[in-house]
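These are my notebook entries on a structure that I have not examined before. I set down what I looked up, entry by entry.

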Amino acid sequence: MVILNEVIRVGIADMNIVKEPMTIRTSGLGSCVGIVLYDEKKKIAGMVHIMLPDSNLGKSDRINAAKFADTGIYGLMELLKAEGVRPMALKAKIAGGSQMFQFGSSDTIRIGPRNVEAVKQELKRLSIPIIAEDTGGSSGRTIEFNPSLSMLTIRTVNLRTKEI
Amino acid sequence: MNSENPISDMHLDVLKEVGNIGAAHAATSLSQLLDRKIDMYVPDVKLVSFDEMFDLAGGAETIVAGIFLRIEGDLSGSMFFVLPLKSANHFIRKLISDKTFDFASPNLPEIGISAMQELGNILSGSYLSALSDFTGLKIYPTVPSLSVDMVGAIVSFGLIEVSHHSDEVIVINTQIREEGEDEASGIEGHFFLLPDPSSYVTIFRSLGVM
């Protein structure tokens, strides 16, 4: 049998989970942050692509949990728990949160750093350690996580591909 | 029109007309600037998800030269002028008469960057002044800012405001084409106008369709 290394794609304000040998990927992170939660032993990982720091910022009645740092990370943890992953075993890698443009309303300019702050706060609240991060700067990122190696690959324009 | 889905096909048609008027003015400005015949038309006005928005611009990972500006005044929103690198190079080479200019090079000459920003300024200015004349609304664009990066990273910045309210956005998509150029070497580009949700009603009221 041939096992294809299929890639699961996560859109903006979206989340999903994956088991080895498949990998999981999200494209074109700017001020958004991509959070990977993974269980090193079970080789299961989840990824969420958040846009905003706090679900209290939502002004609509129907909330898309994956859009916000607080509800997104919690929601991803619940998805992994449903797959039999113990929260204690979870570790995190994060990337994104850049400042693509230097103008706008002050709130909008700072959205990248604010997203990163909120992600760290939420991970701390859930006692999930951050093993590696590639955040800030002014470049877009595409990230792909391989659960069999617990490795996050980060591609940026004009910079070398990083592995963290 | 109901509270669940306040935007009808008729409203989208009205926005398309708004886009067509803006596009016609911008095309005239660009033709004068480059001394070439430029076509601009509005292929679609749609309510799309954020991922679909990136697809309209070529896919989240496509590297583009993207000009971004905010619109303030009676209505607010984000505006993007997005060009694949090949088209951006083509435009700027003509504009500054330098055949070697390349957005992919690490050290971009300042003159090319400012030419690109000026291009964004002229196009958005003529587009928005047409929109302002047509609707009678006061519209103030900010100074445009340039980024050469992935579409997703650039455009998501303009979706932040919308994302507070919704997971979908109305896109007035304007396509640019240089007349006479063959498909392979032709210039292509997109102008995206993304009104903030709070401005939809303002636009429709100003045009008497609500």
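I call a residue buried when its relative accessible area is under 20%, exposed when it is over 50%, and partly exposed in between, using a 1.4 Å probe and the protein chains only. I take strands (E, at least two residues) and helices (H or I, at least four) as DSSP runs, numbered from the N terminus.

I note that this is a predicted model, in which local features need pLDDT of at least 70 and side-chain atom pairs count only at pLDDT 80 or more, while totals for chains, interfaces and linings use all residues. Residues are numbered from 1 along each chain as its sequence is written, chains are lettered from A and ligands numbered from 1 in the order in which they are written, and side-chain values use heavy atoms, without hydrogens and water.

Entry 1: strand S9 of chain A.
I looked at the side chains along S9(A) and found that they alternate. A:Leu152, A:Ile154 and A:Thr156 point to one face and are buried, while A:Met151, A:Thr153 and A:Arg155 point to the other and are not.

Entry 2: the sheet around S9(A).
I count two strands as paired if DSSP finds at least two bridges between them. In chain A, 5 strands form an open sheet with mixed pairing, in the order S1-S3-S8-S9-S10. Its edge strands are S1 (7-9) and S10 (162-163), each of which pairs on one side only.
S8(A), residues 141-146, runs antiparallel to S9(A), residues 151-156, over 6 bridges. Across this pairing, A:Phe145 stands opposite A:Leu152, and A:Arg141 stands opposite A:Thr156. The two strands form a hairpin with 4 residues between them, and A:Ser150 in the turn has a positive phi of about 55 degrees.
S9(A) also pairs with S10(A), in the antiparallel sense over 2 bridges; there A:Ile154 has A:Lys162 as its bridge partner. In this hairpin 5 residues lie between the strands, and A:Asn158 takes a positive phi near 70 degrees.

Entry 3: strand S4 of chain A.
Which faces of S4(A) are covered? I found that both are: A:Val33, A:Ile35, A:Leu37 and A:Asp39 on one side and A:Gly34, A:Val36 and A:Tyr38 on the other are all buried. This strand spans residues 33-39, and 7 of its 7 residues are buried.
S4(A) pairs with S5(A), residues 44-50, in the antiparallel sense over 7 bridges, and A:Val36 has A:Met47 as its partner. Their hairpin has 4 residues between the strands, with A:Lys43 in the turn at a positive phi of about 55 degrees. S4(A) also pairs with S6(A), residues 90-96, again antiparallel over 7 bridges; here A:Val33 is matched with A:Gly96.

Entry 4: the contact of the two chains.
Counting heavy atoms within 4.5 Å as contact, I found 32 residues from chain B and 33 residues from chain A taking part. Buried area is the accessible area (1.4 Å probe) that two parts lose on being put together, summed over both. For chain B and chain A this is about 2600 Å², 62% of it on carbon and sulfur atoms. In chain B, B:Glu61, B:Phe157 and B:His164 lose the most area to chain A, together 26% of what that side buries.
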